[in-house]
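Work through the exercises below with the sequence and the model side by side. Try each task before reading its solution.

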Amino acid sequence: MDSLDKAIDLYRQVYDNNRDLYCINKVLRLLYFKEEYMKAIKLSSKMIDCELRDNGRSQYSMNARWSFSITNVEYDPYIIRARCKDHLEDYRGCIKDYTHVVNTYIETEGKHPNPVGLFTKPAGVFIELALAHYKIEQFDSCKNVLIKGIENLGKSNTAQPKYVLGQVMIFTKDNIDKACLYLSEAGEEGVEEAYKLIKEYCN
């Protein structure tokens with residue numbers, strides 16, 4: 001049994017015994033940051049599988065401290081698996097995982113204090129999903145995801161999605177006036193780089 005299999009076995013024991021899952025999440029993050037993407041995908045898939053097979057363990061997730069479950073599935077394994085797939089250029093698989101996180105965020109936003117866990121900020125999930133669409137030239141889907149983020153994140157979290165949306169609209173030559181307005185709003189909300197693009201493309 002290699003170290004990854006041991007980690008998976010430990011995860012099953014921890015999960016089944018309703019103890020703290022924090023250590024397993026640390027293993028998953030370590031695999032990602034060490035760029036061991038295939039191992040991270042394997043572990044995250046096993047974690048998701050464990051939680052999908054058991055309906056009614058959301059309280060276990062609440063005890064984990066690093067994220068929590070509404071649909072009995074942790075967010076971090078989906079996010080990390082999506083990022084690994086992105087690095088491996090499996091953009092459609094990446095889109096599938098991020099879409100799950102985004103949809104669940106929208107369904108549960110406002111009901112819990114930390115709806116995406118600690119691995120990434122909610123705005124980052126929308127942006128990373130949008131960029132995965134962009135990489136396979138699904139430009140309309142890319143823009144729609146960013147607009148959805150702007151509509152659902154709350155004003156204090158929309159600066160970066162507006163900045164990215166403005167860039168995408170400029171680079172795809174789609175409604176430059178509206179793109180420049182998004183950049184202007186991003187600048188108002190603190191994204192200094194937006195003004196560099198405004199100077200180059202909007203005047």
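The exercises go from the whole chain to a few helices and single residues.

This is a predicted model, in which local features need pLDDT of at least 70 and side-chain atom pairs count only at pLDDT 80 or more, while totals for chains, interfaces and linings use all residues. Residues are numbered from 1 along each chain as its sequence is written, and side-chain values use heavy atoms, with hydrogens and water left out.

**Exercise 1. Describe the overall make-up of the protein.**

Step 1. Count the secondary structure: the protein has 11 helices and 0 strands. Helices (H or I, at least four residues) and strands (E, at least two) are DSSP runs, numbered from the N terminus.

Step 2. Look at burial: of the 203 residues, 49% are buried. Buried means under 20% relative accessible area, exposed over 50%, and partly exposed in between (1.4 Å probe, protein chains only).

Step 3. Take the contacts, meaning heavy atoms within 4.5 Å. Of those between residues at least 6 apart in sequence, 56% join residues at least 24 apart.

**Exercise 2. Decide where the model should be read with caution.**

Step 1. Start from pLDDT, the predictor's confidence in each residue, from 0 to 100. Its mean over the protein is 79, and 71% of the residues reach 70 or more.

Step 2. Find weak stretches: residues 16–20 stay under 50, and the model gives them 8 contacts beyond four places in sequence. Residues 112–116 are also below 50, with 14 contacts beyond near neighbours in sequence.

Step 3. Apply the general rule: where pLDDT is low, the predicted coordinates should not be read in detail.

**Exercise 3. Compare how helix 9 packs on helix 10 and on helix 11.**

Step 1. Two packed helices are described by the angle between their axes and the distance between the axes. Axes are lines fitted to C-alpha atoms, for helices over the stretch in contact, and angles run from 0 to 180 degrees between N-to-C directions.

Step 2. Helix 9 and helix 10 pack at about 155°, with axes 8 Å apart. The two are therefore roughly antiparallel; angles over 145 degrees count as such, under 35 as roughly parallel, 65 to 115 as roughly perpendicular and the rest as oblique.

Step 3. Helix 9 (residues 159–171) and helix 11 (residues 193–201) pack at about 20°, with axes 10 Å apart. That makes helix 9 roughly parallel to helix 11.

Step 4. List the residues that meet. Tyr163, Gln167, Ile170 and Phe171 in helix 9 face Glu193, Ala194, Leu197 and Tyr201 in helix 11. Residues of helix 9 that meet helix 10 include Tyr163, Gln167 and Ile170.

**Exercise 4. Is alanine 179 buried or exposed, and which residues does alanine 179 touch?**

Step 1. Locate alanine 179: helix 10 (residues 176–188) holds it.

Step 2. Alanine 179 counts as buried because its relative accessibility is 0%.

Step 3. Leaving out residues up to four places away in sequence, alanine 179 touches Gly166, Met169 and Ile170.

**Exercise 5. Describe two non-glycine residues with positive phi, glutamate 137 and asparagine 175.**

Step 1. Phi of glutamate 137 is near 60°. Glutamate 137 lies in the loop between helix 7 (122–135) and helix 8 (139–152), and counts as exposed at 61% relative accessibility.

Step 2. Phi of asparagine 175 is about 55°. Asparagine 175 sits in the loop between helix 9 and helix 10, and counts as partly exposed at 41% relative accessibility.
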